[in-house]
Amino acid sequence: MTSGPAAPRTARPRPPGRGVPLALLAPALLGLAFLLVPLLALLVRAPWRSLPEQLTSPEVWQALRLSLFCATAATALSLVVGVPLAWLLARTEFRGRGLVRALVTLPLVLPPVVGGVALLLALGRNGVVGQYLDAWFGISLPFTTAGVVLAETFVAMPFLVISVEGTLRAADPRFEEAAATLGASRFTAFRRVTLPLIAPGVAAGAVLAWARALGEFGATITFAGNFPGRTQTMPLAVYLALQNDPAAAIALSLVLLAVSVAVLAGLRDRWMRTA
Amino acid sequence: MIRSAHRTRRSRRAAGAAAVVVLALGGCSASGTDSAGDAPSGTLTVFAAASLKESFTALGERFEKEHPGTEVTFNFGGSDALAAGITNGAPADVFAAASTRTMRLVTDAGDTAGEPSTFARNRLEIATVPGNPHRIGSLRDLAAPGLKVVLCDRAVPCGAAARTALTADGVDLTPVSYEQDVKSALTKVALREADAAVVYRTDVRAAGDKVQGVQFPESAEAVNAYPIARLDNAPNPAAAKAFVALVRSPEGRAVLSEAGFSAP
């Protein structure tokens, strides 16, 4: 609209020195192939003929619904506590901040199954905290849908925190300072100035966390167990189907893939264009 | 000077090793056709059911001692996952499964060398938290309301066996979780997150005082046979043959029965 004459884009002369150097293009394409070939293999070997039959079973939809619900709840929970945590790490000075930052990212390197055991030891019926939840409130988290949400949050939240903290560090703190000189409290400045400023980073972090939560397996099955309709998410259903019926496992994986691609592509168009 | 001394020492050691190998081969009379050229060496990869962890680890150490120069690496896991790995080309030498059904997945794919043979049997047992506070005495007691019971998923052998025993007894049991393998089911009880689990006798024994075992008569309805086979594309066939022979030898049987397995 603003470009005046409707010249085709390709006709624009290429600025000199802007071609893609082979030294970057070759490894980039290799990397892309490395990521895509396994997915293509899944498509090639998918049991297309029996697919409709596999996908109409109520268990599949039950597991998918549970997966989507739990991943979304885990993302919401991560946002509520993760964004303030990222702000704390990026905008305040305190002793041992480096250590805290390292600890926050620990679930990234911890094998998820170990994370699940750690959650059991902390929040289980006999856990360090869990025994009081059980004794005082009668709350027992293992083997429940809430347990799935917590396990996924544990694994996914670091992605959100890292992403938001990075965005906060890149954002100019002078906007907040300006808000403060105009009389805004630090919280108001965070809510009215910082948050809109870092919204794309928050969105990107939330999408990462959601995707990680959707695929979560180890911590979930260890902490929440596996019961259809209550704690059996898609990755668990896929793993167990793989034991007996690899064709069904591939079909289930395709559903999970299709849904995640649809959601991620949709979100990308809506929110993440500015990111 | 130094060099030749070194060489002598090394050759002496090699001679010693060869002597041990010859002795060991003499012991494994089951594979009498072995020539000295087939003496096991190198890395042996064994895919074994999770319930074999303790006994096979012990047998692996013996194997390495009896055949110097060999190194046994194990991949313990759910039999079905292991079978899927093998039929998809995982480079393993030996497969020991917790059920004939899972072994059949591999034989049907034509991935075994020769017929699998049963080397042990396992029975189910109820694992309860130490002291058995809920006074579980039978399979029927597991259906008590409020009791948190975990079973293995039907997809893995211990779950299929538990289902058979429960059906035989007409017990309608809703567990809190269908675990992905027998060790995870046991862990839930050892951590006291579940009150009871139906697992193998061998797992109860391996867990020591972390759980308490309760035997039940219906376990006779669901006895698991453990087959072992060498694999067709084994990278190390000589060592594979020797390891299978060790597992099936009286020595191997003694280790397995120590762990709670019954004779085949």
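Which handedness does the crossing of helix 3 of chain A and helix 10 of chain A have? It is right-handed, where a crossing counts as left-handed if the near helix is turned anticlockwise from the far one by less than a right angle, and right-handed if clockwise. Before going further, a word on the model: it is predicted, with local features needing pLDDT of at least 70 and side-chain atom pairs counting only at pLDDT 80 or more, while totals for chains, interfaces and linings use all residues. Residues are numbered from 1 along each chain as its sequence is written, and chains are lettered from A and ligands numbered from 1 in the order in which they are written.

**Chain A**

Chain A has 13 helices and 0 strands, with helices (H or I, at least four residues) and strands (E, at least two) taken as DSSP runs and numbered from the N terminus. Its C-alpha trace spans about 60 × 55 × 35 Å along the principal axes.

The UniProt record, an unreviewed entry, puts "transmembrane region" at residues 20–44, 64–90, 102–123, 135–164, 193–211 and 247–267 of chain A. The same kind of record supplies "domain: ABC transmembrane type-1" for residues 64–265 of chain A, again from an unreviewed entry. UniProt positions follow the numbering used here, feature names are shortened, and annotations may be inferred rather than shown by experiment. Here is how some of those annotated stretches look in the model:

| Stretch of chain A | Helix | Strand | End C-alpha atoms apart |
|---|---|---|---|
| Residues 20–44 | 92% | 0% | 31 Å |
| Residues 135–164 | 77% | 0% | 37 Å |
| Residues 64–265 | 79% | 0% | 18 Å |

Back to the helix pair from the start. Helix 3 (residues 58–91) of chain A packs against helix 10 (residues 186–214) of chain A at an angle of about 140°, with the axes 9 Å apart. Axes here are lines fitted to C-alpha atoms, for helices over the stretch in contact, and angles run from 0 to 180 degrees between N-to-C directions. That angle makes helix 3 of chain A oblique to helix 10 of chain A; angles under 35 degrees count as roughly parallel, over 145 as roughly antiparallel, 65 to 115 as roughly perpendicular and the rest as oblique.

Residues of helix 3 of chain A that meet helix 10 of chain A include S67(A), C70(A), L79(A) and W87(A), and among their counterparts in helix 10 are F190(A), V202(A) and W210(A). Two residues are in contact if their C-beta atoms, placed from the backbone, lie within 7 Å. By class, this contact has 13 nonpolar, 4 polar and no charged residues. Ala, Val, Leu, Ile, Met, Phe, Trp, Tyr, Cys and Pro count as nonpolar, Asp, Glu, Lys and Arg as charged, and the others, Gly among them, as polar.

**Chain B**

Chain B splits into domain 1 (40–121 + 224–258) and domain 2 (124–221), with bounds that come from an automatic or database domain assignment. Taken over C-alpha atoms, the centres of the two domains of chain B are 26 Å apart. Their contact draws 11 residues from domain 1 of chain B and 12 residues from domain 2 of chain B. On the domain 1 side, that comes to 2 nonpolar, 7 polar and 2 charged residues.

Helix 2 (residues 53–66) of chain B meets helix 8 (residues 237–248) of chain B at about 125°, with axes 11 Å apart. That makes helix 2 of chain B oblique to helix 8 of chain B, and the crossing is right-handed. L59(B), R62(B) and F63(B) in helix 2 meet F243(B), L246(B) and V247(B) in helix 8 of chain B. This contact has 5 nonpolar, no polar and 1 charged residues.

UniProt (unreviewed entry) lists S51(B), S79(B), V182(B) and Y200(B) under "binding site". They span 150 residues in sequence, yet no two of their C-alpha atoms are more than 14.0 Å apart, so they gather at one spot. S51(B) sits in the loop between strand 1 (42–49) and helix 2 of chain B.

**Where the chains meet**

In the interface, 16 residues of chain B contact 17 residues of chain A. Helix 3 (79–87) and strand 7 (177–179) of chain B each give at least two residues to the side of chain B that touches chain A. That side has 8 nonpolar, 3 polar and 5 charged residues.

Helix 12 (residues 234–244) of chain A packs on helix 3 of chain B at about 70°, with axes 7 Å apart. The two helices are therefore roughly perpendicular to each other, and their crossing is left-handed. L242(A), Q243(A) and N244(A) in helix 12 of chain A meet D80(B), A81(B) and A84(B) in helix 3 of chain B. By class, that makes 3 nonpolar, 2 polar and 1 charged residues.
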